[in-house]
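The following exercises are to be worked with the sequence and the coordinates at hand. Each task is followed by a solution in steps.

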Amino acid sequence: MSIEKFSVEKVLSVQRWTNTLFSFTMTRPAHFKFTAGQFARIGLKVGDELVVRAYSIVSSPFDETLEFFSIVVPDGAFTSNLQHLQVDDELYLEKIPYGFLTLTRYQLPLPQDLWLLATGTGLAPFVSMLQDFDTWSKYQHIHLVYSVRTASELAYVERIQEIAQTFGEGHTGFKFVPIVTRDPQAALHERLPILIENGALEQAVGCQLNPATSHVMLCGNPQMVEDTKEALKARGLTMNRRGEGNIAVENYW
């Protein structure tokens, strides 16, 4: 892999949510422009090798820094080293962003209700989208659904509330719905596909999944994405292709 494709950036902060979840910010070069929902490719030197992974961007497209949300993969060549990040460490950033999990992909149906369905670190691109005023002006209803295993893994909750107050001031259609799958006492604790099949998710947000009005974005665990796609298709929603359809997912590779 050509090192010339990358710029060298500096780590500015690290926040550890749990033993296996952390966020970090890094410098943003002036040339790096992206659309909310896109991902970056970040490199880390492991010995003499540059190991590169894709990370959705948490930051707003207008922020001066770049923020990312990561899980620690046991014995992973990348995250087993990345988890030890410290302020002032250096990381490699590929000079161009990637990805099509952006709101610009939707042409039909016209914007009305937006469903952002995430598990784990799949929350990242949706936090970015919510820090764009266009998102709030386009959609009458925005439902951010965030599924984790335990309550301790519910990262960014306060930040989401702050974003809703700042960017969505005066917007009355925003709903944040946490799901905690390993807590039977949680209001919602089943997997997303089941909550769609049994209607509990729609009941929780007070809005129906509708092929004529709904834009649905999925990001997170690949099995969740696959199973949720099928549950949505069973409800009459279709994959978004060439600008038309309801369901959008990201292909990181």
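The exercises treat two helices, two strands, the nonpolar cores and two single residues.

**Conventions.** This is a predicted model, in which local features need pLDDT of at least 70, side-chain atom pairs count only at pLDDT 80 or more, and totals for chains, interfaces and linings use all residues. Residues are numbered from 1 along each chain as its sequence is written, and side-chain values use heavy atoms, with hydrogens and water left out.

**Exercise 1. Compare the expected span of helix H7 with its end-to-end distance, and establish which residues line its buried face.**

Step 1. Helices (H or I, at least four residues) and strands (E, at least two) are DSSP runs, numbered from the N terminus. The expected span of a helix is 1.5 Å times one less than its number of residues. For the 13 residues of H7 (residues 222-234) this gives 18 Å, and the end C-alpha atoms lie 19 Å apart, which agrees.

Step 2. Buried means under 20% relative accessible area, exposed over 50%, and partly exposed in between (1.4 Å probe, protein chains only). In H7 the buried residues are Met-224, Val-225, Thr-228, Lys-229, Ala-231 and Leu-232. Viewed down the helix axis, the buried residues of H7 fall within an arc of 165°, so they line one face. The arc is taken from the directions between the helix axis and the C-beta atoms.

Step 3. Exposed Pro-222 and Ala-234 are on the face of H7 turned away from the buried side. Contact means heavy atoms within 4.5 Å; the buried residues of H7 pack against strand E7 (113-119), helix H5 (192-197), strand E10 (214-219) and strand E11 (247-248).

Step 4. At the start of H7, a side-chain oxygen of Asn-221 comes to within 2.8 Å of the backbone nitrogen of Gln-223. Just after the helix, Gly-236 adopts a positive phi of about 95°.

**Exercise 2. Determine which residues of helix H4 (157-167) are buried and what they pack against.**

Step 1. Ile-160, Ile-163, Ala-164 and Phe-167 are buried in H4. These residues cover an arc of only 100° around the axis, which puts them on the same side of H4.

Step 2. Glu-158 and Gln-165 are exposed on the other side of H4. The packing partners of the buried residues are H2, helix H3 (133-138), E8 and strand E9 (174-180).

**Exercise 3. Is strand E7 mostly covered or uncovered, and with which strands does it pair?**

Step 1. E7 is mostly covered, with seven of its seven residues buried. In a regular strand the side chains alternate between the two faces of the sheet. One side of E7 carries Asp-113, Trp-115, Leu-117 and Thr-119, and the other Leu-114, Leu-116 and Ala-118; all are buried.

Step 2. Two strands pair if DSSP finds at least two bridges between them. E7 and E8 run parallel and are joined by seven bridges, with Leu-114 opposite Ile-142 in E8. E7 also pairs with E10 in the parallel sense over six bridges, where Leu-116 stands opposite Met-217.

**Exercise 4. Which residues have the most contacts inside the largest nonpolar core?**

Step 1. A nonpolar core is a set of buried Ala, Val, Leu, Ile, Met, Phe, Trp, Tyr and Cys residues joined through side-chain atoms within 4.5 Å. The largest has 33 residues, and those with the most contacts inside it are Phe-69, Leu-116, Leu-123, Phe-126, Met-129 and Met-217.

Step 2. The elements giving two or more residues to this core are E7, helix H2 (124-129), strand E8 (141-148), H4 and E10. A second, separate core of 23 residues includes Leu-117, Leu-195, Ala-200 and Ile-247.

**Exercise 5. Describe the surroundings of Gln-38 and Val-216.**

Step 1. Gln-38 is in the loop between strand E2 (21-27) and E3, and is buried at a relative accessible area of 13%. Its C-alpha atom is 4.8 Å from that of Gly-99, although the two are 61 residues apart in sequence. The side chain of Gln-38 reaches the backbone oxygen of Gly-99 at 3.2 Å.

Step 2. Val-216 lies in strand E10 and is buried, at 0% relative accessibility. Beyond its neighbours within four places in sequence, the contacts of Val-216 include Trp-115, Leu-117, Leu-232 and Ile-247.

Definitions and conventions:
A polar contact is a pair of N or O atoms within 3.5 Å; within protein, one must be able to donate a hydrogen and the other to accept it, and residues adjacent in sequence count only if both atoms are side-chain atoms.
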